[in-house]
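This report takes up the surroundings of the ligand, then a sheet, then the packing of helices.

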Amino acid sequence: MLRAVEFARSEQLQVAVRSGAHSIPGFSTCDDGLVIDLSALKGVNVDPDAKTARAQPGLKWAEFDHETQAFGLAVTGGLVSSTGLAGFTLGGGLGWLVRKHGMACDNLLSADLVTADGRLVHASAEENSELFWGLRGGGGNFGVVTSLEYQLHDVGPTVIGGPVFYPGENAAEILRFYRDWAPQLPDELTTFISLLTAPPAPFIPEEWHGKPLIGVISCYAGPLEQGLRAVEPLRSLADPVADLLGPIPYVALQGLVDALYPKGTRAYMKAGYVRELDDHAIETLTRYHQGATSPRSEIHLHHFGGAVARVPEDQSAYGERHAPYILNMLAMDSETEGFQRHIDWAQQLYAEIEPSLTGGSYINFLSAEGEQRVQAAYGPEKFARLQALKDEYDPTNLFQLNQNIPPSK
Ligand SMILES: Cc1cc2nc3c(=O)[nH]c(=O)nc-3n(C[C@H](O)[C@H](O)[C@H](O)COP(=O)(O)OP(=O)(O)OC[C@H]3O[C@@H](n4cnc5c(N)ncnc54)[C@H](O)[C@@H]3O)c2cc1C
């Protein structure tokens with residue numbers, strides 16, 4: 001790794017760093033440059049007594065969870081189990097356990113990285129603490145991370161989870177219900193809403209394939225009886241198209257929606273934090289849901305808060321902890337041709353719903369949208385602090401294929 005970084009620097013090559021290869025804007029690859037590919041590094045050591053794990057960056061969440069769940073342990077991972085640990089955690093990382101245990105970056109105890117000047121540096125709360133602050137949300141700006149140490153928690157192995165799908169025509173009333181219901185939820189319950197077109201999946205009745213659906217998807221990470229009671233209201237919001245909510249192994253829930261995001265998908269994300277799920281937002285969401293230009297596009301509304309909001313603001317670079325929801329518009333298709341109209345759909349939806357958003361951005365859900373949107377992920381104070389770190393650890397911006405924090409000079 002040291003040699004690779006030194007070589008890239010001395011040859012003045014463009015550098016892409018790849019772990020799980022889930023970068024939506026394609027930052028983890030490049031032409032005529034050097035791809036530092038860590039995807040073969042899949043070592044993981046779980047310490048079941050200390051409830052910690054040290055992991056190499058090539059692991060995907062399915063692989064990591066397989067090891068930690070052997071001890072009934074887990075940490076917040078991606079909603080899709082093929083996502084890589086490294087990029088996900090460095091950007092923040094929200095998933096099924098986010099309201100109970102915080103973002104993935106909130107559970108990072110330390111990291112090793114190779115910096116632009118070819119040094120192997122350890123960062124933790126005790127050592128290089130400012131760098132450690134920046135790694136928790138600041139993305140791949142400061143070096144190549146070769147090891148990540150996590151705090152784990154007791155989870156499952158069985159949780160209450162899964163989706164309940166309803167007809168798309170019920171979306172507005174279900175979103176209004178969700179607006180009133182979600183704020184009172186216990187931390188154990190993480191949910192999100194998906195506005196989608198029914199895929200031709202065996203668990204959806206055939207007559208619904210290709211039609212708009214609204215799914216409410218849950219994970220209750222706590223006692224099963226309590227979980228069943230907590231999710232009960234989700235079963236009777238209208239006439240369900242399919243109810244798949246119940247006891248499920250945590251690892252199965254992690255992989256439940258993987259099939260919707262196969263390799264080779266052309267994708268674009270446009271996202272923001274919701275300030276208020278007001279009537280304007282609900283009307284806009286339902287209208288764009290009905291008018292989706294691709295049957296593979298989806299709109300996700302993630303309920304946030306819980307443990308995330310209790311982490312002190314200055315503990316990490318991660319930007320916005322107090323919005324009630326994160327909204328993610330995913331334009332997707334199998335075809336590249338004509339894809340611009342799906343991007344337009346997401347961008348127009350964003351423009352119309354903007355008055356209900358905070359203006360902040362989340363780098364894991366950001367496309368290549370330029371410096372202003374990167375700054376919006378942090379706000380001016382945190383951005384200045386990140387820029388000072390960039391000046392110290394990567395003054396020539398060797399690591400610039402990312403949601404880039406450029407050096408100040
Ligand atoms: C299908 C899908 C589902 C997703 N679901 C979620 C979700 O539930 N929650 C969420 O928060 N995000 C989600 N994301 C976004 C995801 O977290 C980001 O795309 C993340 O960057 C992916 O990390 P990776 O290691 O898989 O990707 P890569 O493409 O390998 O890396 C992405 C970027 O991360 C940086 N990076 C990666 N590895 C390293 C390293 N070892 N050292 C330094 N920098 C590195 C680099 O800047 C790189 O360009 C999803 C993305 C996809 C495509």
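Helix H3 gives the most to the shell around the ligand, with five residues; helices here are DSSP runs of H or I with at least four residues and strands are runs of E with at least two, numbered from the N terminus. This is a predicted model, in which local features need pLDDT of at least 70 and side-chain atom pairs count only at pLDDT 80 or more, while totals for chains, interfaces and linings use all residues. Residues are numbered from 1 along each chain as its sequence is written.

Besides H3 (85-91), strand S1 (15-18) and strand S8 (144-151) each supply at least two residues of the shell. Of the 34 residues around the ligand (C-beta atom, placed from the backbone, within 6 Å of it), those that come nearest are Gly 20, Ser 28, Gly 84, Gly 87 and Gly 140. The shell divides into 16 nonpolar, 17 polar and one charged residue, where Ala, Val, Leu, Ile, Met, Phe, Trp, Tyr, Cys and Pro count as nonpolar, Asp, Glu, Lys and Arg as charged, and the others, Gly among them, as polar.

Strand S8 also belongs to an open sheet of five strands, whose order is S3-S4-S8-S6-S7 with antiparallel pairing; two strands pair if DSSP finds at least two bridges between them. Strand S3 (44-47) and strand S7 (120-124) stand at the edges with a single partner strand each, so one side of each has no neighbour in the sheet. S3 and strand S4 (residues 52-55) are joined in the antiparallel sense over four bridges, and Val 44 stands opposite Ala 55 in S4.

Two helix pairs are set out below, with axes as lines fitted to C-alpha atoms over the stretch in contact and angles running from 0 to 180 degrees between N-to-C directions.

| Helix pair | Angle | Axes |
|---|---|---|
| H6 (residues 171-181) and H9 (residues 279-290) | roughly 145 degrees | within 9 Å |
| H9 and H11 (residues 340-353) | about 165 degrees | 10 Å apart |

The crossing of H6 and H9 is right-handed, a crossing being right-handed if the near helix is turned clockwise from the far one by less than a right angle, and left-handed if anticlockwise. Ala 171, Ala 172, Leu 175 and Arg 176 of H6 make the contact with Ile 282, Leu 285, Thr 286 and His 289 of H9, contact meaning C-beta atoms, placed from the backbone, within 7 Å.

The crossing of H9 and H11 is right-handed, and Ala 281, Thr 284 and Tyr 288 in H9 meet Trp 345, Leu 349, Glu 352 and Ile 353 in H11.

Technical notes
Two residues are in contact if their C-beta atoms, placed from the backbone, lie within 7 Å.
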